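User: I would like to go through the charged pairs in this structure and hear the reasoning behind each label.

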Amino acid sequence: MLSWTKSTDCCSWDGVHCDEMTGQVIALNLTCSGLQGKFLSNSSLFQLSNLKRLDLSFNDFTGSLISHKFGEFSSLTHLDLSYSGFTGLIPSEISNLSKLHVLRILTTNTSGVYTLSLGPHNFELLLKNLTQLRELNLQYVDISSTIPLNFSSYLTTLWLPYTQLRGVLPERVFHLSNLESLDLSYNPQLTVRFPTTKWNSSASLMKLYLSGVNFTGTVPESFSHLTSLHGLDMSDSNLSGPIPKPLWNLTHIEILYLSENHLEGLISQFLRFGKLRSLSLRNNNLDGQLECLSYNRSWPQLDFLDLSSNSPTGPIPSNVSGLQNLQSLFLSSNYLNGTIPSWIFSLPSLTYLDLSFNTFSGKIQEFKSKTLHGVYLNNNQLEGPIPKSLLNQQSLQALLLPHNNISGQIASSICNLKELFALDLGNNNLDGAIPQCLGEMSRVWNLNLSNNSLSGTINTTFSIGNSFRVIKLDRNKLMGKVPRSLINCKHLKLLDLGNNELNDTFPNWLGDLPDLQILSLRSNKLHGPIKSSGNTNLFAQLQIVDLSSNGLSGSLPVSLFGNLQAMKIIDKSTRTPEYVSDQYGYNYAYLMTITTKGQDYDSVRILDSNMIMDLSKNRFEGHIPYIIGDLVGLRTLNLSHNVLEGHIPASLQNLSVLESLDLSSNKISGAIPPQLASLTFLAVLNLSQNHLFGCMPKGKQFDTFENSSYQGNDGLRGLPPSRDCGCDNRVPQETIPVELDQEEEEEEEDSPMISWQAVLMGYGCGLVIGLSVIYLMLSTQYPTWFSRTVVELEHRITTRMKKHKKRI
C-alpha cells in the first residue's frame, strides 16, 4: 500500500480498481497486504457502496468479528475473507448479497478448535438468496448441519472440507449440471452414496475429493461416465477388495488418491492411467513387483508416487527411464530388497525420498538433485559413509538414516544444513567425536546420535535461541560432564544421555528447562548426592526420570519429589493415550530405552500417560520418603539395589495407577503395609532381598504374585510364599506388637549351637513337667487361662521337636 498517497488519484493505487465512466471504486484487491489490527464496523471501507469485488484474504485481523455490514454491499459479486483471522459467527446478512458469484471464507483449524462457524441450522439460510453463486468455499468453518438442497444451479465449485457436515449427502449435489469441483473431505459424520444412474455433472466434473467420509455401497457403473475427471481422492473411504472396475474408464485422470483403504490387486494395473501426475496408494493390500516402473516411458508426467505400506516384493528395477519428473517417491514399509538403483539418485528434481522399513543393502550413492527436502532411509541394511552430497543440500529439512550399518565419522559440514529440523543418525556404526557446531544448528528440533561408537567429551555448545526438542546421545562412549550449555535449550522435552561414561554430579540445573518431560542419565558414572534446591519450579513437567546404574548416594531427594508437579496428576479423561511426538512435517515419535515391569525395552515410543521413576542400582540410603505417595500419576517406581532402610511407607497406597513396584535388594524392614492391596493396577511387584517380616497382605493383586516377589525375606509369613502364616487362628497380625513378633521369630530359628540330642532331652523333661502341672491344675481347679498357656507351651515344644526329626 506504499502507493496510497493523497497526492495521487486513488484509482491509480495498487489493488484499487475504478469504474471508467463514474470514477467510483468498484474493486479492492488487498490480499497479502500486511493489514493488521481490529476490523471494526465503523471502518470507512463500508462507505464504498458500489463495490463489486472485495478480497481481504491473507491479512491479520485476528480476533475480529465479520461485520454484518458486509451484507450491505448490494452489488458485490466476489467476497474473499480467507485466512485473515476472523472469528465468531458468519453473519446471516451475508445472504443478502444476491448478486454474489464467489464466496470464500476459508480458515485454519488449530488443535481441533474452530474459529468460525455458521451456527446451527444457518447453512440453508445462508444459501437462501445466493441464487447466482458459482463458487462456495467454507473450509474449516464449523457448519454442523446437514447439507441443504437449495444450491445455486450455476454452482461450479463446492468446497466444504472439515466442516462437521452430517447426515446423508443429497443425490442432487451430483446432479448439479455445471459442477466442476466438489470437495467434502474429512466429514466423518457425512454419509455418501453415489447415484447409480448417469450424473448430470458427468461431463463437467473434473475434481472429486471425498476422503475421510462415511462411504457406503460400492463404486457404481455410473462412475464410467466421468469422462472429464482429472482428480479423484477417495482415501480413507473403507474401500475393499479388487480395484473397482468403473475406475479403469477414467482415462483422463491425473491425480488419483486411494490410500488408507483395503484394496487388493497388482500395482502394475495402474499403468493404464498414462496421464498420471500424482498417485497415492499408501496403506492398502496391493502386491506384485515394481518391474512395471521400467516399462518404456511410463508415466512421463508423474511427479508424486506413494506406494508405502503395501506388499510389493523384490528389488526396484534398475532400468527405469520414464520418471525423470519425479519429485516425491515414497516406498516405505514394504518388502523391497536389493540395492537402491542409481536412477533414483540421478532424479534431477527429487525433493522427498522415503525408502524406510525395507531391507535395502549396499551404499548410499551421491545425489544429483540439489532440491532435497526430506531423505528417509531408516531401518534398512545400508552401509558406507554418509554421502557428501547430502551435506550440501540447502533446502534439506529432514535427514533420517537410523537403524542401518552406516560407518565413518560425522563431518562438520553437516552444519551447513541450515534448514534442517530433524537429524537422526542413531543405531549405526559411526565413530569419532560429535561435531562441535551441531549445537549452533538453530532450527533443529530432533537430534538423535544414539547407539553408535561416538567418543570424547560432549564439547558441543548449544546456542541461545535454539529449537531443540529432542537430544539423544545415549549408548555411545562419551565422557566428561553434562554440558552446561544445555540450559539454553529452552524447548527441550527429551534428553537422553544414558549408557555412556559421563563422570559428573547430578545436573540439578536441568530443572530450569521449563518443558523437560523425559530425562535419562542411566548407566553413567554420576556420583554424590542429589542436592536440594530452594527453587520449587525445578522439573515441574518431568514425567520420566531414569538415573539408574550410577553411583549417586545420600538420601533420596525429597525436594526433587516435591517439585514433580506433572507426576502429581492422573489423566482421568477418556481419550486414547497418544505417543509423545512433534507435529512437524513427519510425525516424529520420541523413542527411548526404558525399564518397566521388570523388562528392558529398547527404542520404544513413549505414551503421554507414562510416568516412570527409576533410581535403581545406586547407593541411596536412609528411608523411603513419605512424600513419594504424592506422585499419584506414577506407573513405574523402581528403587531397587540401593541401601534403603526403614519401613515401606503406607503412602504408596495413593499411587492408584501404579503398574510396577520394585524395592528389591535393599535393607527395608517391617511389615508390608496391607493398604498396598488396594493397588488394583499393580502387575509387577518385587520386594525380594530385604528384611521384611510379618504376614503378607491378601486379596486382589497380592493373590497373583509369585514367590519370587518376596524371596530373601525370611521373616515373611503367609501365602503366596510357600509357608503357612500360622496367625489366622490366633491374635490378628496387626495387633501383635512388633517386638513380640520378632522375639517369636528368633525363638523359632534353629541355633546351630543346640544339638538334636539336647532338644530330645528337653522335650522329655518338658513333657513330664507338663503332665504333672496338668494333673495339679485339674485337682486344684486352676483358672482356664493357665490351661491354655500350658497347652500352647506343649504345642511349641512338639512343633520344634518335629522339625528336628525331619532334619535327622
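Analyst: What follows concerns salt bridges in a predicted model.

User: What makes the contact between Asp 306 and Arg 282 a salt bridge?

Analyst: The side chains of Asp 306 and Arg 282 meet at 3.2 Å, N to O, and because a salt bridge requires a side-chain nitrogen of Lys or Arg within 4 Å of a carboxyl oxygen of Asp or Glu, the contact qualifies. Asp 306 belongs to strand S21, while Arg 282 sits in the loop between strand S19 and strand S20, so the pair ties together parts that are 24 residues apart in sequence.

User: Why is Asp 306 called buried, and why does Arg 282 count as partly exposed?

Analyst: Asp 306 has a relative accessibility of 4%, and since buried means under 20%, that label applies. Arg 282 has 29%, which lies between the 20% limit for buried and the 50% limit for exposed, and therefore Arg 282 is partly exposed.

User: How do you know that Lys 472 and Asp 496 form a salt bridge, and are these residues buried or exposed?

Analyst: Their side chains meet at 3.4 Å, N to O, which is within the 4 Å cut-off. Lys 472 in strand S35 and Asp 496 in strand S37 are 24 residues apart. With relative accessibilities of 4% for Lys 472 and 2% for Asp 496, both residues are under 20% and therefore count as buried.

User: Which residues are joined with this pair into one network?

Analyst: Salt bridges with shared partners connect Lys 472 and Asp 496 with Asp 474 and Arg 475.

Technical notes
Residues are numbered from 1 along each chain as its sequence is written. This is a predicted model: local features need pLDDT of at least 70, side-chain atom pairs count only at pLDDT 80 or more; totals for chains, interfaces and linings use all residues. Side-chain values use heavy atoms; hydrogens and water are left out. Helices (H or I, at least four residues) and strands (E, at least two) are DSSP runs, numbered from the N terminus. Buried means under 20% relative accessible area, exposed over 50%, partly exposed in between (1.4 Å probe, protein chains only).
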